[in-house]
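Student: I am new to this one and would like to go through it step by step. Could we look at it together?
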Amino acid sequence: MNGTEMYCTWCGDDVPPLRWATGRQTCLMCGEEHARLERLSWCVVQEYGKGPYQLITQSAAHTTLRQTNQKNLRG
Ligand SMILES: [Zn+2]
């Protein structure tokens with residue numbers, strides 16, 4: 001009967017107190033999903049790292065990044 005509510009901010013499921021204590025406000029399932037999405041977000045560019053290495057010039061890489069990552073158009 002303590003007043004603290006520890007519910008997942010994603011699905012509303014209850015979060016284990018120990019997990020909550022670490023600052024995570026998502027249940028285990030959503031936490032994994034969240035981690036996976038974060039990983040995906042910084043893995044996008046690595047698609048080109050699969051398989052044999054490809055030598056690309058810096059300007060070519062810049063163009064490639066701009067084409068594949070249109071949400072972050074910079075300079
Ligand atoms: Zn959840």
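Student: To begin with, how many helices and strands does the chain have?

Tutor: This is a predicted model. The chain has 3 helices and 0 strands. Read from the N terminus, its elements run α-α-α.

Student: What share of the residues is buried?

Tutor: Buried residues account for 9% of the 75 residues in the chain. As for contacts between residues at least 6 apart in sequence, 5% of them join residues at least 24 apart.

Student: Now the metal. Which protein donors does the zinc ion have?

Tutor: The donors are the SG atoms of C8, C11, C27 and C30, and they lie 2.3 Å from the zinc ion. Along the chain, these donors follow the spacing C-x2-C-x15-C-x2-C.

Student: Where do C8 and C27 sit in the chain?

Tutor: C8 belongs to the segment before α1 (17–21), while C27 lies in the loop between α1 and α2 (28–41). The two are 19 residues apart, so this pair links distant parts of the chain.

Student: Are those two buried or exposed?

Tutor: Both C8 and C27 are buried.

Student: And why is the arrangement around the zinc ion tetrahedral?

Tutor: The arrangement counts as tetrahedral because the 4 donor atoms subtend angles of 103 to 120° around the zinc ion, and the criterion asks that all angles lie between 85 and 135 degrees. For four tetrahedral donors, the ideal angle at a metal is 109.5 degrees.

Student: Changing topic: where is R19 found?

Tutor: R19 is found in helix α1. The residue is buried yet has no salt bridge.

Student: How far away is the nearest side chain of opposite charge?

Tutor: That side chain belongs to E32, and it is 7.6 Å away from R19. A salt bridge would need a side-chain nitrogen within 4 Å of a carboxyl oxygen.

Student: What lies 2.6 Å from a polar atom of the R19 side chain, then?

Tutor: The backbone oxygen of T26 lies at that distance from the R19 side chain. Leaving aside residues up to four places away in sequence, R19 touches R24, T26, C27, L28 and G31. C27 in that list is also one of the donors of the zinc ion.

Student: G31 is on that list too. Which helix is G31 found in?

Tutor: G31 is found in helix α2. Its relative accessibility is 13%, so G31 counts as buried. With residues up to four places away in sequence not counted, G31 touches R19 and T26.

Student: How many residues apart in sequence are G31 and C8?

Tutor: They are 23 residues apart in sequence, and their C-alpha atoms are 9.1 Å apart in space.

Methods: Residues are numbered from 1 along each chain as its sequence is written. This is a predicted model: local features need pLDDT of at least 70, side-chain atom pairs count only at pLDDT 80 or more; totals for chains, interfaces and linings use all residues. Side-chain values use heavy atoms; hydrogens and water are left out. Donors are N, O and S atoms within 2.8 Å of the metal (3.2 Å for Na, K and Ca); water is not among the atoms, so sites may look incomplete. Four donors count as tetrahedral if all angles lie between 85 and 135 degrees; four count as square planar and six as octahedral if opposite donors are over 155 degrees apart and all others between 65 and 115; anything else is irregular. Helices (H or I, at least four residues) and strands (E, at least two) are DSSP runs, numbered from the N terminus. Buried means under 20% relative accessible area, exposed over 50%, partly exposed in between (1.4 Å probe, protein chains only). Lys and Arg count as positive and Asp and Glu as negative; His and the chain ends are not counted. A polar contact is a pair of N or O atoms within 3.5 Å; within protein, one must be able to donate a hydrogen and the other to accept it, and residues adjacent in sequence count only if both atoms are side-chain atoms. Contact means heavy atoms within 4.5 Å.
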